[in-house]
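Visitor: Please take one part of this structure and look at it closely. I would like to know what surrounds it.

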Amino acid sequence: MAVAVIMPELGESIVEGTIVRWLKQEGELVKEDEPLVEIMTDKVNTELPAPASGVLKQILATAGATVKVGQELAWIETEARAESPAPSGPPPVAEVGFYGGHEEPAPVAPAPAPAPAPAPAPTPTAGDGRTRAPGRAFISPVVAKIAAEHGISQDELMRIPGTGTGGRVTRADIERYIAQRRTAPTTPAPEPAPAPIPTTPAPAPVQPKEGEEVIPLVGMRKAIAEHLTKSYHTAVHVTTVIQVDVSRMVEFRERNKEAFQQQYGVRLTYTPFFVKAAADALLEFPMMNASLIDDQIIVRHYVHMGVAVALGEKGEEGLIVPVIRDVHKKSIIDIARDLEDIAKRARNKTIGVADVQGATFTLTNPGSYGALIGTPIINHPQTAILGTYAIVKQPVVINDMIAIRPIMNLCLSYDHRLIDGMYAGRFLQRIKRAIEEFEFFR
Amino acid sequence: MREVTFLEAIRAAIWEEMERDPNVFIIGEDIGKMGGAFGVTTGFQERFGFDRVVDAPISETAIIGVAIGAAAAGKRAIAEMQFIDFISYGFDQVVNVAATYLYRSGGQVSIPIVVRGPSGGYVGGSLYHSQQFEAWFFHVPGLKVVQPAFPDDAYGLMKASIRDNNPVIFLEHKYLYRRIKGTIPNPEADYIVKLGEARIRRPGDTLTVVTYGAMVHFALDAARMLEQEGISMEVIDLRTIKPLDMETIYNSVRKTSKVLVIYEAPRTGGVGAEISARITEECFEWLDAPVMRVAAKDSFVPFAEPLEKFVLPSVDDIVYTARQLAHY
């Protein structure tokens, strides 16, 4: 039997994925659950395990191809017939009544000889050469009918676990789903589809009083409002603060900012150091770089860092969070260049959707406007956000002596569902040490 | 109740109908003194005489032609084909004469004949003693086609066929003749199985098997094997191939949404194609998988036993395809 390898659902709102590389080649043997192909989406990179054991017969989507969720990526030919039980073929031919009518009743056939050994596996077709592997995306007539009768949308349908060939949703699957939905009416379907806009009742218009004005919630502000509400209501927020002595960083910047500008053509700010220190720490503390989606924890071993950029002179034009990809592989200089680039493009509004998608962790810098301490809101579905606050000269005790040092608060908000306090503390310690020791250029 | 073989059930039905109705007679090759090639009419000539148990020359055209003529004149005729394969010699009489008679006579003359004979393979009968010809007659308006799988149905359907006013092609699977035993009611019960009614021989809910003849037994064997894998097959024994009892089929399809049609004849142009087409027309929105078929290969039935087994459907084939369908 041929089993389809299907582009899986890799998280909420993911509709397609890109093939990074095949870990097996056509003709190779694969074992069930063995990593088969690396897939990249704008949220996750993942290795897809083989859905069955057999031979990787045909690769349909080669590296670089972008494939919709539910579509076939490859076929695996399994040895379906090998495990079939011993057949009970017809008993051997008996000489029944062949012109033997007179000696009626003719002797009944002798006891059947044991059935012959099973024939070697025949080609896995239904006799007419067609291979039976409809795949996840195929919806049979009866499933479509039942879905229509119960008001199940296409999106919802595609989320029902399928037990048919290639993960197809069978009649039994959808009936089980409906039965469960009925017995547990308060349990929402996993990730219910957002209510269609036309059904949202228009809010009753508010009459502004003297000295008031009413602005409809639209555009970016509406998106921010919805996104932050979702983050706030989903993650269990806790904020931990640590103080960092940034003497070396400040000194380094003072000493090198002009040379840096001349040599690399980029303004040297503190942010690249925070980005770098956080990225290195994230590789060591991968849960901080994870997402909790539908009872699954997606842990990344790469870092795409979102960096909050306020728009407008007073921040009145909102805020966006462009992403610097693969920061764990980048140098301070690369990061500085990327930061300058996204900040520029954010301000002249040439940033694209792709530039703000796929972050695994977010950095925000309220210190730029003098804030001393705060509790940032996590950028859903990430697990943590790091705030860097104002650098203030303070008297501190060092070796029992009082010294004046530039001190900064690092505030980490994290999702307490995934992260316990000690893990967060150690993570902050790791960043603090990197900034204080300041060995980025050694 | 009587314990009988499949063959004895047919014999009892014909015997009792001839006892009951003096208009019923039987004609065929070697059916008198010899009692027929398989012994269905052993002792008939002694009991009913030469006029009602007629030994015929080797001419199927003549046998069927005489039956039609007698029926037109008010008799009820049973024409025995020594092997149903040789009905081809009487094809014109069946298709152009018997089938059309009622129509041609403006409804005045019906032809109550039963053309019966042993059919089917699995006995080493080779080319001309193994065929299943139901599809030829299934195609022709004006005929009924019957093929039972169990003694009680053979008994009740034979009686119903003799009493029916239309030409009936009655296929007796020779593989079942002495292999299959069962009980039939005593004569005074006047047991009849109405033509055109299928029977669910085994209830199930994973998939529906529609079949008839020897394949019913193969399907039941397969069902017992698959039961251990959690695959529950509902086995419908059509009993009458024409007219088809589509209501029973549709009801089962609405329950299981998956259908496997099994027939012993060559795959192409078989009865399964018609059943599949009607299911698609009437129950499309109930299907969860394509209607699948298990049938003989598009070939002749070879003499050599391994080749015969290769060409004809096996329990293995049924298990394999049913499994695919169940997991579709």
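Guide: What follows deals with one helix of chain B and the strands beside it. The model is predicted: local features need pLDDT of at least 70 and side-chain atom pairs count only at pLDDT 80 or more, while totals for chains, interfaces and linings use all residues. Residues are numbered from 1 along each chain as its sequence is written, and chains are lettered from A and ligands numbered from 1 in the order in which they are written.

Helix α8 of chain B covers residues 214-227; helices (H or I, at least four residues) and strands (E, at least two) are DSSP runs, numbered from the N terminus. The end C-alpha atoms of α8(B) are 20 Å apart, in agreement with the 20 Å expected for 14 residues, where the expected span is 1.5 Å times one less than the number of residues.

Because 10 of its 14 residues are buried, α8(B) is largely enclosed by the rest of the structure. Buried means that 20 or more other C-beta atoms, placed from the backbone, lie within 10 Å of the residue's own. Among the buried residues are B:His217, B:Phe218 and B:Met225. The buried residues of α8(B) pack against several elements of chain B, including β10 (207-211), β13 (259-266) and α12 (315-326).

β13(B) is itself mostly covered, with seven of its eight residues buried. Three bridges pair β13(B) with β10(B) in the parallel sense, strands being paired if DSSP finds at least two bridges between them. Here B:Val261 of β13(B) faces B:Val210. β13(B) also runs parallel to β14(B) (residues 292-296), joined by four bridges, with B:Pro266 opposite B:Ala296.

Definitions and conventions. Buried ≥ 20, exposed ≤ 12 C-beta atoms within 10 Å, placed from the backbone. Contact = placed C-beta atoms within 7 Å.
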